[in-house]
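The exercises below are meant to be worked with the sequence and the 3D structure open side by side. Each task is followed by a solution that goes step by step.

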Amino acid sequence: MSVGSEAGPRAAVGSWRLRLPATLLVGAAIVVTWLLIAMLGPAFVAHDPIAVDLAHALLRPSADHLLGTDSYGRDVLTRLMYGARTDLQMAFFGVAGPFVIGTIVGLLAGNFGGIPDAVLMRILDVTVSFPYFVLVIAIVAVLEPGLTSYYISLTLVNWVSYARLVRSEVIVLRQADFVLAAHTIGIGEIRVMSHHLLPNAISPSVVFVFTDAVLTIVLGSSLGFLGLGVQPPAAEWGVMIAEGQLYLATAWWIAVFPGIAISLLALGFSLVADGLAKLLHTAP
Amino acid sequence: MDRFAFVLRRPLQLVPVLIGISLVTFILVQLMPGDPVRVMLGPRASEEAIRIVRARYGLDQPILLQYGYYIVNVLRADFGRSLAFRAPVIDVILARLVPTVCLLVYGLVLSVAFTVALSIAAARRPGAWVDQTVRLFCVAGLGLPSFWLGLMLIMLFSLRLKLFPVSGFGDSLPDVLWHLFLPALTIAIAVTPILTRNLRATLVTQSAADYAVAGRSKGLSENYVFFRHVFPNSLLPTISLLGIVVSFLIGGTVVVETVFNVPGMGQLMVRAVLLRDYFIVQGVTLFFAVGVVLTSFVVDIVTVALDPRVKL
């Protein structure tokens, strides 16, 4: 049982009346489908995602090329499948670092308070005063355009989101009876944090992981589009859209399909976040 | 603390945040690869010239002193020289301020209009199909990449229907409004879901509040209760969200200005990154951050002015 449910009917007020698990299930199904496409898809297509074949450039969608070909004669469907690998990888690594670091910092700051906590709050104030995207781009700029820089940049900027979420839970929880009881019977500080505080404080962060995955994918593909993320000729959805930008009037399929892919994957993660929020009784 | 004291004290709270912002932007340029002066002066600069510029920007001093010089320079509106644009950074940025501010305000106005319309439509009958549709839009809208959405709008409204220009800024006000409509619409579609979630939830909660029930039970019409009592009471939480939203909008301009070729600060930032013009990146980042801080500041003051209950 989570302590959150004792705190009052947080989820009940003003929430949408909806069949609970539906969004979670649909969302999970979408994400799993993309995972399968990323893992197995490339095995089923005969085309190369990168090799240039100018003889077959800008072909309309047909039986041979289900989603058409781009200006280099590359099969859009093939690149879409390889792109799923990159964008899913982005969602995973872009979220994992901030989640782990932020959770640990938030747990420590919330539990011990004092000067480290005050410092964390000041860092938080400063970080949220930068437009998120602008700060990420600025850091990528200083490092050098590319996926690794994106991960570093996200980790530097975004751990504070998780630290804030965990900290605000821990600050309430450390006064709770079960934590006082744990201290009283002589359980060590570290074990109290890892076995008693953390499991009860983590729900909002877990929900945020999936919202964050949406932002990470949208941001990562935006960087790819701007030429600051994954570099061409690699198959990444944002890069593909940038390549299709010149052909909007003549070969719409190059830019349209990768965008649908991003939106669908993002929708999957959004739905999971929405369903989890209901399930774990955290406010949306 | 009374209201007056708050108005006096709130600006003081800006100081640590502004110091933090200056530190971050300072460190940003410290992290960049290579010698900034060599980058600034180009590969053929003489050692003598490099030494002079180093001394001018205090780069031959200890790092803490350098930070001090940076602060002094920023306060004198000296952000260094742009290598790519061959002009002071401040001039390059100011020349691109107007399009960005227009786009931000335009985008904000559209977002607020959409948010109010969608939230009211959804909250009048919670759970009905309108509500469900708005809800779906809120969930899906978060994941619509603006750069792609912008391209789709260009494809549909500019290339096919020829209703709006593909890119540019415009000269007169009507012309600007016409040029910036699609970019502003793109930004608004990205921001509306966040605001709508918030306003709709508040409207639903407030509709069930005691004062609303009391109003209905003494025979006031549902419309009267909703628009005269519930709606005004629901606005504050959404207004206090505006600081975050402006930060989101600014992030949106970076992408949208590039897609629609609007000559603003966002587009400038992307170009500067690609050209490795670090002082422009630093300057734009600083400008945007200060903009967000000042917006939050104004929002706080407005919130206090509007709500007599706010505890200070």
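**Exercise 1. Chain A as a whole**

Among contacts in chain A between residues at least 6 apart in sequence, what percentage join residues at least 24 apart? Describe the secondary structure and the extent of chain A as well.

Solution. The model is a predicted one, and the values that follow are computed from it. Begin with the secondary structure: chain A holds ten helices and zero strands, and its pattern along the sequence reads α-α-α-α-α-α-α-α-α-α. Next, turn to the contacts, where 72% of those between residues at least 6 apart in sequence join residues at least 24 apart. Then consider the extent, for which the C-alpha atoms of chain A fill a box of roughly 75 × 45 × 35 Å along the principal axes. Finally, 51% of the 284 residues of chain A count as buried.

**Exercise 2. One residue in its surroundings**

Decide whether A:V170 is buried or exposed, and list its contacts beyond the residues up to four places away in sequence.

Solution. First locate the residue: A:V170 belongs to helix α5 of chain A, which covers residues 147–173. Then count its neighbours; because 24 C-beta atoms lie inside 10 Å and the cut-off for burial is 20 or more, A:V170 counts as buried. Leaving aside residues up to four places away in sequence, A:V170 touches A:G106, A:L107, A:G110, A:N111, A:L197 and A:A201. As a last step, set a distance beside these contacts: A:P258 lies 88 residues from A:V170 along the chain, and their C-alpha atoms are separated by 41 Å.

**Exercise 3. Helix pairs**

For α8 and α10 of chain A, work out how the axes are related and which residues meet; then do the corresponding analysis for two pairs in chain B.

Solution. Start with α8(A), residues 203–226, whose axis comes within 7 Å of that of α10(A) and crosses it at roughly 165°. Since an angle over 145 degrees counts as roughly antiparallel, α8(A) is roughly antiparallel to α10(A). The crossing of the two is left-handed. Residues of α8(A) including A:V206, A:F210, A:V214 and A:I217 meet residues of α10(A) including A:I262, A:L265, A:F269 and A:L276. By class, this contact has 15 nonpolar, three polar and no charged residues.

Now take α13(B) and α15(B), which pack at about 155° with their axes 8 Å apart. That angle makes α13(B) roughly antiparallel to α15(B), and the crossing of this pair is right-handed. On the α13(B) side the contact involves B:L242, B:G243, B:V246, B:S247 and B:I250, which meet B:F288, B:G291, B:V292, B:T295, B:S296 and B:V299 of α15(B). Sorted by class, the residues of this contact are six nonpolar, five polar and no charged.

The last pair is α6(B), residues 97–124, and α7(B), packed at about 135° with axes 7 Å apart. Here the angle makes α6(B) oblique to α7(B), and the crossing is left-handed. B:L118, B:A121 and B:A122 of α6(B) meet B:V130, B:D131 and B:V134 of α7(B), a set that divides into five nonpolar, no polar and one charged.

**Exercise 4. Where the chains meet**

How many residues of chain B are in contact with chain A, and which residues have the most contacts inside the largest nonpolar core?

Solution. Count the interface first: 47 residues of chain B are in contact with 41 residues of chain A. On the chain B side, at least two residues come from each of α1, α7, α8, α10, α13, α14 and α15, and the residues of that side comprise 35 nonpolar, nine polar and three charged. Then examine the largest nonpolar core, which has 157 residues and in which A:V134, A:I137, B:M269 and B:V284 have the most contacts. Helix α10 of chain A, residues 253–279, gives the most to this core, with 16 residues. Following A:V134 across to the partner chain, one finds that it touches B:I250, B:G251, B:V254, B:M269, B:T285 and B:F288.

**Exercise 5. A helix in the open**

Why does α11 of chain B lie largely in the open?

Solution. Helix α11(B) has eight residues, 210–217, and the number of them that are buried is zero, so this helix lies largely in the open. Just after α11(B), B:G219 takes a positive phi of about 95°.

Methods:
Residues numbered from 1 in each chain as written. Chains lettered and ligands numbered in written order. Predicted model: local features only at pLDDT ≥ 70, side-chain atom pairs only at ≥ 80, totals over all residues. Contact = placed C-beta atoms within 7 Å. Helix = DSSP H or I, 4+ residues; strand = E, 2+ residues; numbered from the N terminus. Nonpolar A, V, L, I, M, F, W, Y, C, P; charged D, E, K, R; others polar. Buried ≥ 20, exposed ≤ 12 C-beta atoms within 10 Å, placed from the backbone. Core = buried A, V, L, I, M, F, W, Y, C linked by C-beta atoms within 7 Å. Axes fitted to C-alpha atoms, helices over the stretch in contact; angles between N-to-C directions. Parallel < 35°, antiparallel > 145°, perpendicular 65-115°, else oblique. Left-handed = near helix turned anticlockwise from the far one by under 90°.
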